[in-house]
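Subject: Structure for you to look at, with notes

Dear colleague,

Here is the structure I promised to pass on, followed by my notes on what was found in it. Please read them with the model open beside you.

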Amino acid sequence: MDKTDRRVQRTRQLLRDALMELILERGYDSIVIQDITDRANLGRATFYLHYRDKEDLLFDSLEQVFNELVKRIRDLQTQPGSTGTDPASLMMFEHAAENNVLYTVMLSARAVPTLQRRVRDYIAEVVRMRALALQPGLDKDPSVPLNLISNYAAGAMLGLVTWWLENDMPYPPDYMAEMLERLIREGTNGVFGPQVR
């Protein structure tokens, strides 16, 4: 990687960090480009060399972080770990812990309104691809359509990650991944018993 590439990466990281800090402090809607460049100690012209607007910056931040997560998941072996927990679920909680500021921003009510939907859709697609890798043909004639399964799993995952981050990560990532897997696999009847309605 040459010096120019490193400089571009550093500039983009400064802008991403500035945006995340400002969203946590003030919410997304009140932020203007000048706020971001002031916080990053960069000029407006520098911002526009890299991004069209603040939404472009926000989605680039998400894309960078989620591409890293997807790459890690794709590199996993197709078999679950010895604990019975899908390593992809564990990786999601570990990733949320490593990038907790970004996750807090994108899952908070102060983020851009369409952001949570894009995050859910992104995760649902990852779940769908992972399910097909583990069980080819699952989408052919399932008792429950795969798009419903993947969106259910994505919603459950986001709900638990949100709660976990809002409560300062009270349990370790491996425990959270195990509970998520158990809830998805067994449902509330499996956890509480069939008498609970």
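In what follows, a residue is called buried when its relative accessible area is under 20%, exposed when that value is over 50%, and partly exposed in between. Please keep in mind throughout that this is a predicted model.

To begin with the chain as a whole, the protein has nine helices and zero strands, so that the order of its elements from the N terminus on reads α-α-α-α-α-α-α-α-α. Of its 197 residues, 39% count as buried. Among the contacts with a separation of 6 or more, 62% are accounted for by residues 24 or more positions apart.

The aromatic side chains come next, and the structure holds five aromatic pairs. In one of them, the ring centres of Phe47 and Tyr48 are 5.3 Å apart and the ring planes stand at 80°, which is over the 60 degrees required, and the pair is therefore edge-to-face. These two neighbours in the pair carry separate burial labels: Phe47, with a relative accessibility of 0%, counts as buried, whereas Tyr48, with 40%, counts as partly exposed because that value falls between the two cut-offs. A second pair, Phe93 with Trp164, is also edge-to-face, since the centres of the rings are 5.4 Å apart and their planes are at 85°. Phe93 belongs to helix H5 (residues 87–98) and Trp164 to helix H8 (residues 146–166), so this pair ties together parts that are 71 residues apart in sequence. Both Phe93 and Trp164 are buried.

Phe47 and Tyr48 also form one aromatic cluster together with Tyr51, and Tyr51 has a charged partner as well, for the charged end of Arg12 sits over the ring of Tyr51 at 5.7 Å from its centre. Another charge over a ring is found where Lys54 lies over the face of Tyr28, 4.2 Å from the ring centre.

Which residues does Arg16 contact, once its neighbours within four places in sequence are left aside? They are Tyr51, Leu57, Asp60, Ser61 and Gln64, so Tyr51, a member of the aromatic cluster, is one of the residues in contact with Arg16. Arg16 itself lies in helix H1 and, with a relative accessible area of 12%, is buried because this is under the 20% cut-off.

Helix H1 matters again for the description of the second largest pocket, in which about 250 Å³ of space lies. Of the 14 residues that line this pocket, Gln13, Asp17, Val65, Asn99 and Leu102 are the closest to its centre. At least two lining residues are supplied by each of helix H1 (3–26), helix H4 (54–74) and helix H6 (100–107), and the largest share, five residues, comes from H1. By character, the lining divides into four nonpolar, five polar and five charged residues.

Lastly, Val127 is found in helix H7 (residues 115–134) and counts as buried, because its relative accessibility of 19% is under the 20% cut-off. Not counting residues up to four places away in sequence, Val127 touches Ser150 and Ala153. The C-alpha atoms of Val127 and Asn147, which are 20 residues apart along the chain, are separated by 9.5 Å.

With best wishes,
A colleague

Conventions:
Residues numbered from 1 in each chain as written. Predicted model: local features only at pLDDT ≥ 70, side-chain atom pairs only at ≥ 80, totals over all residues. Heavy atoms only, no water. 1 Å grid on protein atoms, 1.4 Å probe; cavity = no way out; pocket = protein on both sides within 12 Å on 5 of 7 lines; lining within 4 Å. Points joined across faces, edges and corners; volume = space filled by probe spheres on them. Helix = DSSP H or I, 4+ residues; strand = E, 2+ residues; numbered from the N terminus. Nonpolar A, V, L, I, M, F, W, Y, C, P; charged D, E, K, R; others polar. Phe/Tyr/Trp six-rings, centres within 6.5 Å; stacked < 30°, edge-to-face > 60°. Buried < 20%, exposed > 50% of the residue type's maximum accessible area, 1.4 Å probe, protein only. Lys NZ or Arg CZ within 6 Å of the ring centre and 35° of its normal. Contact = heavy atoms within 4.5 Å.
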